Amino acid sequence: MFYPMNKKSLFLILALFATSISANSQTNNSKAPAPVYPIPDKMQMEWHEMETNAFVHFTTNTFTGLEWGFGDEKLSTFNPTALDTEQWAKTLKETGFKTLILTTKHHDGFCLWPSKYTEHSVKNSPYKDGKGDVVKETADAVKKYGLKFGVYLSPWDRNHAEYGKPAYIEYYRNQIKELFTNYGPIFELWFDGANGGDGYYGGFRETRKIDSKSYYNWPKTLEIVNSIQKDVLVFSDSGPGVRWVGNERGIAGLTNWNTISTDTLYAGKAGITDLLNTGSIDGKRWIPAEVDVSIRPGWFYHANEDAKVKTAEQLFDIYLTSVGRGSTLLLNIPPDQRGLFHEKDVESLRGYKKLLDTEFSKNIALKAKVKADSFRGNSAQFAAKNLTDGNKETYWATNDGQLTGSFEVDLGKVSTVKYVTLQEYIKLGQRVKKFSVEVWKDGKWTNVANGTTIGYKRIFKIDPVQTSKIRVSIEDSKASPVISNLEVY
Ligand code: FUL
């Protein structure tokens, strides 16, 4: 029906419209929120999206029963009888992992590739009569199964006679050059924090201490790496790509900032594990925590630990305390003396994948109706529907300066809910400081979870509850919250 409008009401409408346009343009609410720096770079963003990666620890320790080889291991020790890197890659692919990081050299100094800079390698071992190259075989298998490749090259070398002296740094850098030139592209380069102590050191059998802050001159080493391959993600205790999570139990901080200031850390610095675990709200760099943990008690295969392989349920719990807390999981699966992932480990991995698939089989919030108490600039571009559209590039956001806000999803019918997942659009920085989750039960809202940070992904496991509506309230944020995804299982 058409209602004729008098001049006065037309004027009022125009005036209101103009005020709203000018309010939005003054505060930029018609545009995307400005980033809250620091923000992830391209490689870090790719890493966040991978969620689960695998570590493979393999060297003479696999055969000697040690965790840290002394460096005097006989070259005849390394003798896998049925090494099959395709079994590793295929298993990892099938169980959801995206990258395989291989210990090309652990602290004992034995090299899994025939480096021209040392005799202490596969080339003098019985494996394939010295013609084998485990690094190449792994890089090829990884490529074949569509995974990315990463290398661990231990800075500490208990075999090398020059360890602790400048000559060793040259040796180390030459090896890095070999790896990047002959086995690239390499997605992640892993620098271990364990450094210096007793060792064989070419027969000197002594204790060598180094100043881990200055000895390696990492910036120079990274320059060399970047001159061969521009984009590479570097792990060390302090980054610069990703940092250590501060423990080897698979647990990221309940509060987990991807930001941290590097001047407070360097590899080997004591007393910073808590800081590494939580990061800091005002950190000057984006260096997210990577959760490295082994499927077994040790990092290397030992037959006497076959009964101690983590179960599928334990691995699933670790997924929740790593990926579910905004980090990436780096799970170690050490090949046995045959050179295969042991049956027990494979069984756990498959069980874990099955659990992931069943627990997260159907997102009942996908395409569900969702409304927010407010949204940025009243623009559809930032409306609540972006939370459930299944597109992680769209998001709900509030006006500049508005640090709180809530949204409510209507599941359409009463369903059993076990998990609520939230994702921040971290390309614009990590923002949320405090939030809560409620479910509609018996005619009222009931709190089921409270959290601090969200980050790339936050998964809440809640006591199974029957509900038809879920409300998330952002209670505090560094800047206007920007949430890209809400999932309910
Ligand atoms: C530690 C090492 O000492 C362990 O052997 C293992 O490699 C682990 C991933 O890092 O610092």
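This passage describes the overall build of a predicted model, the surroundings of its ligand, and several of its helices.

The protein has 489 residues, and 57% of them count as buried. Its secondary structure comes to 10 helices and 19 strands. Taken along the principal axes, the C-alpha atoms fill a box of roughly 100 × 45 × 40 Å. The exposed surface amounts to about 20900 Å², with carbon and sulfur atoms supplying 54% of it. Contacts that span long stretches of the chain are well represented: among those between residues at least 6 apart in sequence, 76% join residues at least 24 apart.

We turn next to the ligand. The residues that surround the ligand come from several parts of the sequence, running from Phe-55 and His-57 through Trp-68, His-106, His-107 and Tyr-152 to Trp-190, Asp-192, Ala-194, Glu-248, Asp-292 and Trp-299. By character, this shell divides into six nonpolar, three polar and three charged residues. Some members of the shell also offer polar side-chain atoms to the ligand. The side chain of His-57 places an N or O atom 2.7 Å from a ligand oxygen, and a polar side-chain atom of Asp-192 likewise lies 2.7 Å from an oxygen atom of the ligand. For Tyr-152, the distance between a side-chain N or O atom and an oxygen of the ligand is 3.1 Å. Taken alone, the ligand would expose 290 Å², of which the protein buries 90%.

Among the helices, α7 (residues 218-228) shows a clear division between its sides. Its buried residues are Trp-218, Thr-221, Leu-222, Ile-224 and Val-225. Viewed down the axis of α7, these residues fall within an arc of 155°, and so they line one face of the helix. This fits a general pattern: an α-helix has 3.6 residues a turn, so residues three or four places apart point the same way. On the other side of α7, Pro-219, Glu-223 and Ser-227 are exposed. The cover over the buried residues of α7 includes helix α6 (166-183) together with strands β4 (188-190) and β7 (233-235).

Helix α9 (residues 312-322) is mostly covered, with eight of its 11 residues buried. These are Ala-312, Leu-315, Phe-316, Ile-318, Tyr-319, Leu-320, Thr-321 and Ser-322. Several strands contribute to their cover, including β1 (52-56), β11 (289-294), β12 (328-332), β15 (405-424) and β18 (458-477), and helix α10 (343-359) is also part of it.

Two individual helix residues complete the picture. Met-45 lies in helix α2 (residues 42-50). With a relative accessible area of 11%, Met-45 is buried, because buried means under 20%. Leaving aside residues up to four places away in sequence, Met-45 touches Pro-40, Ile-426, Lys-427 and Tyr-456. One of these partners, Lys-427, is 382 residues from Met-45 along the chain, yet their C-alpha atoms are separated by 7.7 Å.

Thr-85, for its part, belongs to helix α4 (residues 85-94). Its relative accessible area is 7%, so Thr-85 too falls under the 20% limit for a buried residue. With residues up to four places away in sequence again left out, Thr-85 touches Val-134, Glu-137, Thr-138 and Ala-141.

Notes: Residues numbered from 1 in each chain as written. Predicted model: local features only at pLDDT ≥ 70, side-chain atom pairs only at ≥ 80, totals over all residues. Heavy atoms only, no water. Near = heavy atom within 4 Å. Polar contact = N/O pair within 3.5 Å; in protein donor to acceptor, adjacent residues only side chain to side chain. Areas by Shrake-Rupley, 256 points an atom, 1.4 Å probe, with all protein chains shown as cover. Nonpolar A, V, L, I, M, F, W, Y, C, P; charged D, E, K, R; others polar. Buried < 20%, exposed > 50% of the residue type's maximum accessible area, 1.4 Å probe, protein only. Helix = DSSP H or I, 4+ residues; strand = E, 2+ residues; numbered from the N terminus. Arc of directions from axis to C-beta. Contact = heavy atoms within 4.5 Å.
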